[in-house]
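Biologist: Before I plan any bench work around this protein, could we go through its structure step by step, with the reasoning behind each answer?

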Amino acid sequence: MAPLFILSGPSGCGKSTVIRTLLASEPDRPLRLSVSATTRKARPGEEHGVHYWFWQRDQFLQEVEAGAFLEWAEVYGNCYGTLQREVGPYRQQGIGVILDIDTQGARQVKQQCPDAIRILLRTSSMSAYEERLKKRGTETEESLQRRVAAAQRELDRAADYEYTVINDDLETAVAALRKIIERLFPKD
Ligand code: ADP
Ligand code: 5GP
């Protein structure tokens, strides 16, 4: 069974960017990012089935009832969840899976899959999250403040993660993540 990697960290720390850059630089490695379902609205440029499965709350709750999720949680006022079908079948075929999920979800996954490897992505400075979110320009003032206010809580909850990667410099962070993945999931 191929490994399961969980990447968590405060909003704006660079999770999506680091994962996207890593996957683009490793086309030969059998590794994929799980596409989560969410009730939040798509940002400009985000596509259904690529960045997320964008669902109405009714549909999300129906899928919860149907047992479709490996985990789900309410994060910054919306529901987010990892679908079983995005993870298990791939791991069984030898394809490693990365989850970009919050610390509540990570705790649930770790209970069900104790072999999952949890990686915390963070920056050295606490002010970087707000600066990056402002620069990204995707959040309303309310959403931005909610995310910034939760940053310390996410870091505290991730205290027992197996690895920490600092994303002050993108290339350094991608190289550090690649090293962890290579050690646990060598190419041959
Ligand atoms: P997350 O998925 O953790 O919320 P993103 O990947 O969307 O974060 O990154 C938040 C913003 O920070 C984006 O605009 C991204 O381009 C930028 N960013 C990511 N990594 C770095 C970095 N090392 N240095 C400066 N900006 C970065
Ligand atoms: P965003 O709205 O910025 O895309 O994501 C907000 C937060 O939700 C991030 O911390 C991200 O890791 C988390 N998240 C994304 N997908 C999932 C998921 O499937 N489950 C859980 N628990 N959190 C998720």
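Modeller: What follows is a set of questions and answers on this predicted model.

Biologist: How many helices and how many strands does the protein have?
Modeller: The model is predicted, and local features are taken from parts with pLDDT of at least 70. On that footing the protein is made up of eight helices and nine strands.

Biologist: What is the radius of gyration of the protein, and what does the globule rule give for 188 residues?
Modeller: The C-alpha trace spans about 45 × 40 × 30 Å along the principal axes of the protein. For 188 residues the globule rule gives 16 Å, and the protein comes close to that value, so it is as compact as a globular protein of that length, with a radius of gyration of 16 Å.

Biologist: Which percentage of the contacts with a separation of 6 or more comes from residues 24 or more positions apart?
Modeller: A contact here means heavy atoms within 4.5 Å. Among the contacts in the protein with a separation of 6 or more, the share that falls to residues 24 or more positions apart is 68%.

Biologist: What part of the 188 residues is buried, and what do carbon and sulfur atoms supply of the exposed area?
Modeller: Residues count as buried when their relative accessible area is under 20%, and buried residues make up 48% of the 188. The protein exposes about 9700 Å², and the part of this area supplied by carbon and sulfur atoms is 49%.

Biologist: How far apart are the mean positions of the positive and negative charges?
Modeller: The protein carries 26 positive and 27 negative charges. When the mean position of each set is taken, the two lie apart by 2 Å.

Biologist: How many salt bridges does the structure hold?
Modeller: Side chains of opposite charge can pair when their charged atoms come close. With a cut-off of 4 Å between a side-chain nitrogen of Lys or Arg and a carboxyl oxygen of Asp or Glu, the number of salt bridges in the structure is 16.

Biologist: Which residue forms a salt bridge with R178, and is that partner buried or exposed?
Modeller: The closest N and O atoms of the salt bridge between R178 and E26 are 2.7 Å apart. R178 lies in helix α8 (residues 170-184) and E26 in the loop between α1 (15-25) and β2 (31-33), so the pair ties together parts that are 152 residues apart in sequence. R178 counts as partly exposed at 27% relative accessibility. Its partner has a relative accessibility of 9% and counts as buried, and that partner is E26.

Biologist: How far apart in sequence are the parts that R118 and E162 tie together?
Modeller: The side chains of R118 and E162 meet in a salt bridge, with 3.0 Å from N to O. R118 lies in strand β8 (residues 117-122), whereas E162 is in the loop between α7 (151-157) and β9 (163-166), so the parts they tie together are apart in sequence by 44 residues.

Biologist: Which residues are joined into one network by salt bridges that share partners?
Modeller: R40 and E46 form a salt bridge whose closest N and O atoms are 2.8 Å apart; R40 is buried, with a relative accessible area of 8%, and E46 counts as buried at 18%. Salt bridges that share partners place this pair in one network, whose members are R40, R43, E46, R136, E139 and R147.

Biologist: Where is R147, and which residues is it in contact with, leaving aside neighbours within four places in sequence?
Modeller: R147 sits in helix α6 (residues 141-149), and with a relative accessible area of 7% it is buried. Leaving aside neighbours within four places in sequence, the residues in contact with R147 are S11, R40, R43, Y76, Y80, L133, R136 and E139.

Biologist: What is the phi of Y76?
Modeller: Y76 lies in the loop between β5 (69-75) and β6 (78-83) and is buried, with a relative accessible area of 18%. Although Y76 is not a glycine, its phi is positive, at about 50 degrees.

Biologist: How far is D188 from R29, C-alpha to C-alpha?
Modeller: D188 is in the segment after α8 and is exposed, with a relative accessible area of 98%. Along the chain D188 and R29 are 159 residues apart, while the separation of their C-alpha atoms is 9.9 Å.

Notes. Residues numbered from 1 in each chain as written. Chains lettered and ligands numbered in written order. Predicted model: local features only at pLDDT ≥ 70, side-chain atom pairs only at ≥ 80, totals over all residues. Heavy atoms only, no water. Helix = DSSP H or I, 4+ residues; strand = E, 2+ residues; numbered from the N terminus. Rg over C-alpha atoms; globule rule 2.2 N^0.38 Å. Buried < 20%, exposed > 50% of the residue type's maximum accessible area, 1.4 Å probe, protein only. Areas by Shrake-Rupley, 256 points an atom, 1.4 Å probe, with all protein chains shown as cover. Lys, Arg positive; Asp, Glu negative; His and termini not counted. Charge placed at Lys NZ, Arg CZ, Asp CG, Glu CD.
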